[in-house]
Number of protein chains: 2
Amino acid sequence: MTKLFAIAGDPIAQVRSPEVFNKRFQEQGVDAVMVPLHITSDGLRTVLTGLLSIKSFAGLVITIPHKAAAAGLLSAKSQRVEITGVANALRPSESGWEGDLFDGEGFALGLEATGMVLRERHCSLVGAGGAGAAVALALLDRGIASLSLSDVQPGKAGALAERLRSVGYQCVRLADPGDDTDIAVNATPLGMNANDPLPFDVLQLKQDAIVADVVMKPARTRLLVEAQGRGLRTHEGRHMLDCQVSMIWKFFGLP
Amino acid sequence: MTKLFAIAGDPIAQVRSPEVFNKRFQEQGVDAVMVPLHITSDGLRTVLTGLLSIKSFAGLVITIPHKAAAAGLLSAKSQRVEITGVANALRPSESGWEGDLFDGEGFALGLEATGMVLRERHCSLVGAGGAGAAVALALLDRGIASLSLSDVQPGKAGALAERLRSVGYQCVRLADPGDDTDIAVNATPLGMNANDPLPFDVLQLKQDAIVADVVMKPARTRLLVEAQGRGLRTHEGRHMLDCQVSMIWKFFGLP
């Protein structure tokens, strides 16, 4: 029987997961399919309840803007979901949905795959939403020297910093990317649209800094183009997804 | 954005609709996919409610054993659904699910595609469930001379006959296939399993009778093999599906 997987988001046209997973299903001879689901925020709870009653439904990837709402609808959650308040992968269980969060791990693995050692680095993160929380936790977990957080809503960055400090990460401060930054990360949606403002200024970064983006489409955001123009190394958003596929695959109980 | 279609049933592994529709989506360059959903009876209502909240969900084919239950969950139904009490195609609307029934039309079109004229024929139908009701209505609608109905549960055949007479079809009687039968139809699930008993005896049929099946897997049911062995013409269940695809396609608003 064909197992069904899905990815839920709004908008949904930009998602790459179905392509990535379906290719892998085919390559590995797994009788399964992943489909995109366009779900608005007011329908999320109803859809999750409905999907639980489909016996052949085996897993759901969650994307913008549902990661926080999904975390609130779980019957069991990983420590990562507990700390960040967001989930991006759900699987059905007897008692409801179990959720975990692989965005941050995918992001960190993607950087490490380029040969980078994250330990003792000074990191700056702009955007304290779901993606930001995920990336922050994964970086801190690897023993970075410091994490500077900022958000257009200062209270949002403060709240995330507070949460991270409360679970033991004392090196979190509130600041924009600056001249001590080794790795500057955009974790806002800015860059998805061509006329978005830049999430941060690349001019104040030092010459060996790396600028990383979590935005996946376009692959080369304006931020990355500007950083590259200044001679900085850049890291595209697609790596975050590519490097978490194997973890989600395993979480979904796939062979 | 990829439109999602599905087929709901229990069991589900045997369904052919995803293959048929997905091939056609590809051929016609439609950005859509049809997936099989394994749904048990107690989950149907919940799943239907959930699917309505998926903005990209565009249509649902209903198969065994959900056709009657689905008809009971509609906000708008065709006359065919009203009369038969079963539905096999649902589409979302502002107010809920709209349902129609194409099994009977598909079956009748399939017979007509072989060059047969149904008008004035004597037809026998074994099985007064959802498929039987659909086939009965479509045959009667084409002006057949008589329809003999039977079912292992005699009350079930009687109830269907009553309903059909109440909407003006007076040529319905309760009888097994006999020597006046031009077209004998199996509308029971008997034949899906290799060791099922035959739904009716082909020995009493006249030499130019046609034996038709609604069972799709196996393509050659034991009934059809026995009928062929006696030199009778046979008509496979797959035609019922093949000949209703275009109608469902249109019902789903596809181009």
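User: In what order do the six strands of the open sheet in chain A run?
Analyst: This is a predicted model, in which local features need pLDDT of at least 70, side-chain atom pairs count only at pLDDT 80 or more, and totals for chains, interfaces and linings use all residues. Residues are numbered from 1 along each chain as its sequence is written, chains are lettered from A and ligands numbered from 1 in the order written, and side-chain values use heavy atoms, with hydrogens and water left out. Strands here are DSSP runs of E with at least two residues, helices are runs of H or I with at least four, both numbered from the N terminus, and two strands pair if DSSP finds at least two bridges between them. The pairing in this sheet is mixed, and the order is β2-β1-β3-β5-β6-β4.

User: Which strands of chain A sit at the edges of that sheet?
Analyst: Look for strands that pair on one side only. In chain A, those edge strands are β2 and β4 (76-77).

User: Do β4(A) and β6(A) pair in the parallel or antiparallel sense?
Analyst: Strands of a sheet pair through backbone hydrogen bonds, and both senses exist. For β4(A) and β6 (residues 96-100) there are two bridges, and A:Lys77 has A:Gly99 of β6(A) as its bridge partner. The sense is parallel.

User: How many residues of chain A are in contact with chain B?
Analyst: Contact means heavy atoms within 4.5 Å. Chain B puts in 20 residues, and from chain A the number is 20.

User: What share of the area buried between chains A and B comes from carbon and sulfur atoms?
Analyst: Buried area is the accessible area (1.4 Å probe) that two parts lose on being put together, summed over both. Here that comes to about 1,700 Å². Carbon and sulfur atoms give 76%.

User: Which element gives the most to the side of chain A that touches chain B?
Analyst: Both β2 (32-38) and α2 (44-52) of chain A supply at least two residues of that side. The top one gives five residues, and it's β2(A).

User: How many salt bridges are there between chain A and chain B?
Analyst: A salt bridge needs a side-chain nitrogen of Lys or Arg within 4 Å of a carboxyl oxygen of Asp or Glu. The whole structure has 26 over all chains, and one of them joins A:Glu27 and A:Lys23 at 3.2 Å, N to O. Those two both lie in helix α1 (residues 17-27) of chain A, four residues apart, about one turn of the helix. Between chain A and chain B, though, the count is zero.

User: Why do the two copies look related as by a two-fold rotation axis, and what is the turn?
Analyst: The copies are superposed by least squares on the C-alpha atoms of residues with pLDDT of at least 70 in both. Chain A lands on chain B with an RMSD of 0.0 Å and a shift of 0.0 Å along the axis, after a turn of 180°. The two copies are therefore related as by a two-fold axis, and the turn is 180°.

User: Which residue of chain A comes closest to the rotation axis?
Analyst: Go by the C-alpha atoms. At 2.1 Å, the one that comes closest is A:Gly50.

User: Which residue does a cis peptide bond join to A:Ile64?
Analyst: Most peptide bonds are trans. This one has an omega of about 5°. The partner is found in the loop between β3 (57-62) and α3 (67-71) of chain A, and it's A:Pro65.

User: What is phi of A:Glu120 near?
Analyst: Most residues other than glycine have a negative phi. A:Glu120, in the loop between α5 (103-113) and β7 (122-126) of chain A, has a positive value, near 70°.
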